[in-house]
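Got the viewer open? Here is a short tour, one selection at a time.

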Amino acid sequence: MATKNAQAPLELYGIDALINEDDRAMRDAVRAVMDDRVRPHIEAWYESGTVPARELAKELGSLGLLGMHLQGYGCAGTSATAYGLACVELEAADSGIRSLVSVQGSLAMFAIWKHGSQEQKQQWLPPMAAGEAIGCFGLTEPDFGSDPAGMRTRARRDGSDWVLDGTKMWITNGSIADVAVVWAQTDDGIRGFVVPTDTPGFSAPKITSKMSLRASVTSELVLSGVRLPESAVLPNVRGLGGPLSCLNEARFGILFGALGAARDCLTTTIAYSQDRRIFDKPLAAYQATQLKLADMTVALGNGMLLALHLGKLKDAHQLRPEQVSLGKLNNVRESIAIARQCRTLLGANGITLEYPVMRHANNLESVLTYEGTSEVHQMIIGQAITGHSAFRG
Ligand code: TGC
Ligand code: FAD
């Protein structure tokens with residue numbers, strides 16, 4: 001028999017006291033939209049491997065969620081912490097929905113916002129903020145994921161034009177994008193290009209048969225003699241620091257977002273364990289269950305405290321890339337561990353789409369890999385604390 005009113009895991013941590021009123025209101029509004037627009041459909045989207053991304057982008061844009069922490073050009077200009085809290089709610093619905101927002105706002109829009117010309121910003125940012133234009137971000141290649149410096153996509157000069165050839169792989173939103181930010185080798189190092197996807201020579205075949213991120217579009221980008229004017233190059237950046245500066249933004253959203261998936265797994269599992277009677281009492285009343293639930297509550301709460309701390313640093317313009325790695329490594333690793341542990345408590349029901357747990361666990365496999373694998377982030381942290389780079393030779 002339950003002896004006390006049960007508290008939600010993050011309630012036990014008193015997390016709300018650390019979030020200001022405006023951010024709580026924004027968070028609750030995003031949660032309500034996810035409850036209304038995504039949760040009723042997500043199992044079907046996941047099962048069919050389709051998602052109405054264009055329609056959703058317009059709705060998310062009308063709520064000010066696309067590029068929400070950027071200033072100007074139709075963007076909402078919120079704090080970084082507010083953006084992180086929105087990511088929690090998006091990813092509590094599904095990592096694919098958070099990915100849609102991350103790639104649009106933190107990768108494609110941020111690249112143009114930070115490194116683009118006035119013309120590029122004026123042309124692309126307002127429609128992207130509104131969700132009327134979709135962007136993608138092409139860094140990874142079939143043979144170069146963790147080591148993007150090795151990329152083979154090449155941009156060569158032809159008169160005043162640029163001509164791009166190469167292949168990008170695993171690109172979120174690729175097949176539905178209106179504009180692709182593509183990173184390529186040039187005689188002058190790595191440069192970024194703003195590529196309208198209707199440019200001749202550009203195609204983006206969809207990658208199918210995924211077991212993870214099924215409610216998200218993932219594509220190859222094929223660039224075959226894509227001719228662009230001089231005005232297509234991002235003028236304000238050269239070298240790998242350009243794309244990596246965008247990854248800092250997206251990784252920040254993920255270090256919050258992943259906790260949303262974990263929270264959804266844990267709250268689902270706590271409720272399930274109250275209802276499910278095994279032998280002669282509820283699953284929740286067994287010590288073995290409570291040990292698991294307590295450890296997961298601690299991991300989730302600690303992850304949220306870390307995320308809010310890093311959010312504070314970012315809002316104070318003090319957040320360093322290796323600190324983002326701390327958050328991405330810990331919070332995604334803990335979230336996937338929570339999802340997998342929750343799956344054990346749901347027994348056979350845990351493998352179905354009727355409960356969100358295995359969907360989140362499968363999604364988190366991608367989240368663990370993209371935006372820098374766990375091992376990459378361990379080595380970034382290792383380099384920060386030893387001064388030695390372990391990446392090469
Ligand atoms: P390294 O020699 O360390 O650095 C090259 C230049 O970049 C600078 N830099 C950074 N700048 C800004 N932010 C950072 N985080 C930076 N890290 C490094 C660095 O100072 C240097 O500048 P300069 O001026 O001296 O040239 O580069 P490296 O070749 O040794 O590589 C280091 C490594 C492995 C850490 C890096 O390449 C890496 O992070 N690899 C992982 C790749 C990755 O995360 N790809 C993600 C692709 S996008 C994606 O996955 C989207 S998923 C969809 C979604 O988000 O939902
Ligand atoms: P690899 O780099 O081949 O890594 C394989 C293994 O080797 C990993 O375990 C890795 O940790 C390990 N490893 C790597 N380097 C070292 C080392 N130095 N020492 C020891 N071990 C090492 N990319 C984009 O550019 N844009 C996108 O929008 C995008 N969206 C994605 C969406 C999804 C669903 C997925 C799954 C991926 C997406 N990616 C995207 C690609 C993603 O960023 C890469 O998959 C990721 O960077 C890892 O690269 P890789 O898959 O080539 O793995």
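The stops below all centre on one ligand and what surrounds it.

Before you click, keep in mind that this is a predicted model. Start by selecting ligand 2, which sits in the largest pocket. Now bring up the elements that give two or more residues to its shell: strand 3 (161-172), helix 11 (357-369) and helix 12 (374-386). Which of them should you colour brightest? Try strand 3, since the largest share of the shell around ligand 2, three residues, comes from there.

Next, show the residues around the ligand. You should find 16 of them, and the closest are Thr140, Ser146, Trp170, Thr373 and Glu375. Colour this shell by class and you'll get seven nonpolar, seven polar and two charged residues.

Time to zoom in on some atom pairs:

- Pick Leu139: a polar backbone atom here is 3.0 Å from an oxygen atom of ligand 2.
- Move to Trp170, where a polar backbone atom lies 2.7 Å from a nitrogen atom of the ligand.
- Then go to Glu375, and look at the side chain this time: one of its polar atoms is 2.7 Å from an oxygen atom of ligand 2.

Switch on a surface after that. On its own, ligand 2 has 970 Å² of accessible area, and the protein covers 67% of that.

For the last stop, zoom out and colour by domain. Where does ligand 2 lie relative to domain 2 (135-232) and domain 3 (241-386)? Both domains give residues to the shell, so the ligand lies between them.

Note on methods. Residues are numbered from 1 along each chain as its sequence is written. Chains are lettered from A and ligands numbered from 1 in the order in which they are written. This is a predicted model: local features need pLDDT of at least 70, side-chain atom pairs count only at pLDDT 80 or more; totals for chains, interfaces and linings use all residues. Side-chain values use heavy atoms; hydrogens and water are left out. A residue is near a molecule or strand if one of its heavy atoms lies within 4 Å of it. A polar contact is a pair of N or O atoms within 3.5 Å; within protein, one must be able to donate a hydrogen and the other to accept it, and residues adjacent in sequence count only if both atoms are side-chain atoms. Accessible areas come from the Shrake-Rupley method with a 1.4 Å probe; for residues, only the protein chains shown count as cover. On a 1 Å grid over the protein atoms alone, a cavity is a set of points where a 1.4 Å probe fits but cannot get out, and a pocket is an open set with protein on both sides within 12 Å along at least five of seven lines; lining residues have an atom within 4 Å of a point. A molecule sits in a cavity or pocket if more than half of its atoms lie within 2 Å of its grid points. Helices (H or I, at least four residues) and strands (E, at least two) are DSSP runs, numbered from the N terminus. Ala, Val, Leu, Ile, Met, Phe, Trp, Tyr, Cys and Pro count as nonpolar, Asp, Glu, Lys and Arg as charged, and the others, Gly among them, as polar. Domain bounds come from an automatic or database domain assignment.
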